[in-house]
Structure formats: structure tokens, C-alpha cells
Amino acid sequence: MLNKGFYIHNLGCKVNRVESDTMAAALLAAGACSVPLAEASVVLVNSCTVTGEADAKTRKAVRQALAARADTPVIVTGCAVALEQADYARLGARVIVEPDRLRALERAKTLVCTQSEAPCTECDETLIRSTAAFPTRLGIKIQDGCDCSCSYCIVTQARGPSRSESLSTILGQAQTAERAGVREIVLTGVNIGQYVSGGRDLSKLLEELLSVCHGLRFRLSSLEPQYATEELLSLMAASRGRICAHLHLPLQSGSDRTLKEMSRPYDTAFFREHIMLARTLLPQLGLTTDVICGFPGESESDHASSIAFCREMAFSRMHVFRFSARRTTSAAARTDQIDARLLAHRAREMRALARELARADVSTRAGSREWVLVEGGGWGRSESYQRVRVPMNLQTGSLMLMRFEVVRDTLIRAEPLSE
């Protein structure tokens with residue numbers, strides 16, 4: 001009998017996305033097949049709990065999976081169920097709660113692969129992820145967990161302390177991906193700045209990757225500001241585009257008082273100093289961030305300071321979040337919570353600023369040159385994380401030096417140049 005089909009519902013951040021892709025690749029390597037939700041013999045829900053909205057989306061995904069077919073088991077894994085196992089178990093008799101993703105994957109294998117002809121023993125999971133989904137970019141998870149204790153964050157409770165993947169495993173995955181035709185590797189994790197393995201930190205890991213993979217470029221996912229060190233920034237500058245000139249540094253607030261109450265390990269002066277250095281070394285830098293609006297006790301002055309600082313930093317993209325009280329965090333226990341309407345108003349103001357800054361960043365790119373990865377369909381992705389229009393005849397997966405022309409305040413057209 002042929003293997004049964006599976007469906008994976010991913011929720012949350014880029015780390016979750018990489019984990020979901022890895023689970024899918026493992027099931028494919030075992031001989032199972034990916035099918036639409038309505039046809040699945042088993043459903044995996046990879047949950048997120050970073051906000052209350054993420055919890056709600058997880059519950060909705062479970063209910064949708066239960067309604068799709070009357071006999072399909074639904075395995076719920078990840079951060080949300082790590083904290084609320086009983087709540088998810090009560091959603092239905094077919095719900096299987098398994099917080100650990102590896103054990104959830106093994107459970108899924110037993111449900112879809114027990115009557116298979118034979119697993120694909122020669123299939124490499126990294127190779128499958130490289131070719132089955134998107135052939136030019138691949139995320140590699142280098143680290144999990146976090147040793148920080150931000151007062152609003154529940155992720156440390158859900159994922160535990162920081163732990164790093166071995167250097168040899170990461171190098172092996174990157175080399176396999178390069179052989180498969182991948183041109184960009186995104187290094188992901190919960191707090192990648194805390195990467196340490198075999199005495200090597202993030203900068204040393206990047207040096208190793210550059211030395212063994214010659215046709216790849218590397219991009220860092222979210223990096224806490226304190227880890228944007230001079231050593232790392234200098235390495236990025238010296239790489240001549242092989243480490244993308246893009247930093248996603250979660251600011252969270254531009255008010256020093258709020259940052260202190262969030263238990264963030266820096267202030268705005270520290271952040272400013274690092275950005276000034278980064279822009280000196282990397283003039284084409286794309287700087288993106290996360291900002292939380294309406295943290296408990298945030299005054300009008302705090303909000304105004306945050307707006308002003310974000311404007312000063314001239315972020316190219318901002319992910320704006322309304323504060324979400326997560327149970328068991330110290331921020332949730334505070335009695336000075338912000339009224340929901342005021343919180344929403346402040347988030348709208350911050351998002352309006354984000355749109356303004358994004359347009360301003362595009363305007364600064366006119367005439368500049370960056371390496372662009374051709375993604376197909378007339379689109380590419382630049383070092384600075386701009387999505388740009390490229391000629392339709394360019395081969396998907398090409399990595400080319402291009403000159404930018406601003407077509408309008410939200411669109412850049414890029415034309416190839418000789419190196």
C-alpha cells in the first residue's frame with residue numbers, strides 16, 4: 001500500500017517556518033507525500049505563542065484540521081502546546097498533543113509511513129528542502145532557545161535555554177544546499193547571537209561557512225542588537241556581498257525608560273552607536289526592526305520618544321506589534337496596562353511611520369549597486385532585503401550585481417551590470 005498523505009500547518013516566525021519545512025522534508029524522505037488539508041491522513045500543526053493572536057491562530061488551525069476530515073488525527077506541537085498542553089487536548093478526541101517537535105515528527109511518521117513500500121533511504125532531507133519548495137533560498141536553524149529574560153517574552157519558557165547546533169551539521173547542510181543549487185542561506189534561530197559551538201561564535205561560524213561554500217551568500221535572520229559587534233559588522237563588510245548587508249535588529253522601543261522596564265540589555269545610545277558603525281562599514285545596509293507599542297506604563301512621552309527614535313534610525317522596514325500580555329510574564333502582571341483603544345491608536349501611528357520610512361529608504365537606493373538574487377517571475381531580492389523588479393529573461397537562482405532605478409516610492413527596478 002502506498003504511503004498516506006500529510007499536511008503541515010505552520011504558524012509564527014521564520015524559525016517555525018524552517019522547523020516546519022524540516023519536518024516536511026523528513027516525512028518526504030520517509031516516503032510519505034504532501035497533500036492538501038482535505039486529503040491528509042495526518043495533520044501537523046506547528047504552533048506559536050509569541051502573542052495572544054498567535055495562540056488564537058493555533059486554535060483556529062486545529063479546529064480547521066478537525067473539520068476537514070472526520071477521521072484525521074491532528075498532532076499539535078511547538079511553543080503554544082509546550083505551555084498549554086491540557087487546553088489543546090480538550091479541543092478534540094483526535095488531537096494529539098506533543099510539545100517536542102522531533103517526537104511529534106516521529107509520531108507523524110508512524111501514522112503515515114507504517115504501510116509504506118520502503119522509505120527513500122538515499123534521500124537527503126536538506127536536498128529535499130532545497131529542491132521541493134524554493135530552489136534559491138534555504139533557512140538553516142543554527143540555534144534554539146534564549147538565555148535572556150525580557151519581561152514581556154514567553155518564548156524562553158516555551159523553548160528553554162539557548163543551545164546551538166554543531167558546526168559540522170551546519171556546514172554539512174550548507175554544502176548540500178549549495179550542491180542542490182541554493183544560492184542564499186538564511187541563518188535562523190531564536191537568538192542567533194548566542195550561537196556557540198566548539199569555541200566558535202556567530203562570526204567564526206560565518207567565517208567557516210564562507211571558507212567551505214563558495215557559491216553561496218548568507219543572510220542573518222533576527223539578531224539581538226547587543227550581538228551586532230564590530231567583529232561581525234567588519235566581517236560582513238569584508239565579505240563583498242557574500243554576507244548580505246541586511247540586519248534585523250529588534251529595537252522593541254525607542255524610549256529608554258520603556259527599554260529598562262522591558263529588561264532589554266541596551267539603551268537607545270547603545271543602539272544608535274551600533275547603527276552608526278554598521279552604516280559606516282555597510283553604506284548599503286538594509287535595517288529592519290521589531291517595535292512593540294503600548295507596553296504597560298508607556299506614557300505619551302515614551303511613545304513620542306519611540307516614534308522620534310525610529311525616525312532617527314531610518315529603518316527600511318518595521319514590524320509593529322501591539323503589546324500582548326502573556327501569562328506568567330512579569331509584564332502581564334503589571335496593573336498599568338494600556339487601554340486597548342489607545343494601544344491600537346499608537347500602533348497605527350507607528351505603522352504610518354513605518355510606511356513613511358520604507359518609502360524614504362527606497363528613494364535612497366536610486367543609482368546604487370547591489371547583488372541581487374533572481375527569484376523568478378521578474379522579481380529578485382537584494383542584499384539589503386529590497387524586493388526589486390528584474391528582467392523577465394534572467395535565470396532563476398542567478399546572483400548578479402545590479403544597478404537600481406527607483407520607479408516609484410515603493411518600487412525599484414534593477415538591471416544587471418558586469419562585476
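Rings of Phe, Tyr and Trp, the last represented by its six-membered ring, are taken to pair if their centres lie within 6.5 Å. In the present predicted model, this rule yields four aromatic pairs. One of them joins Tyr 266 and Phe 271, whose ring centres are 6.3 Å apart with an angle of 45° between the planes; this geometry is classed as tilted. Tyr 266 has a relative accessible area of 6% and is therefore buried, the limit for that class being under 20%. Phe 271 is likewise assigned as buried, at a relative accessibility of 1%.

Phe 271 also pairs with Phe 309. The centres of these two rings are separated by 6.0 Å and their planes meet at 70°, so the arrangement is edge-to-face, since planes over 60 degrees apart fall in that class. The contact connects distant parts of the chain: Phe 271 belongs to helix α12 (residues 268–281), whereas Phe 309 lies in helix α13 (residues 300–313), with the two positions 38 residues apart in numbering. Both Phe 271 and Phe 309 are buried. Together with Tyr 266 and Phe 315, these two residues make up one aromatic cluster.

Aromatic rings are further involved in two arrangements with arginine side chains. The charged end of Arg 381 is placed over the ring of Tyr 385, at 4.4 Å from the ring centre. In the second case, the charged end of Arg 387 is positioned over the ring of Trp 379, with a distance of 4.2 Å to the centre of that ring.

Terms used: Residues are numbered from 1 along each chain as its sequence is written. This is a predicted model: local features need pLDDT of at least 70, side-chain atom pairs count only at pLDDT 80 or more; totals for chains, interfaces and linings use all residues. Side-chain values use heavy atoms; hydrogens and water are left out. Rings of Phe, Tyr and Trp (its six-membered ring) pair if their centres lie within 6.5 Å; planes under 30 degrees apart count as stacked, over 60 as edge-to-face and the rest as tilted. Buried means under 20% relative accessible area, exposed over 50%, partly exposed in between (1.4 Å probe, protein chains only). Helices (H or I, at least four residues) and strands (E, at least two) are DSSP runs, numbered from the N terminus. A charge sits over a ring if NZ of Lys or CZ of Arg is within 6 Å of the ring centre and within 35 degrees of the ring normal.
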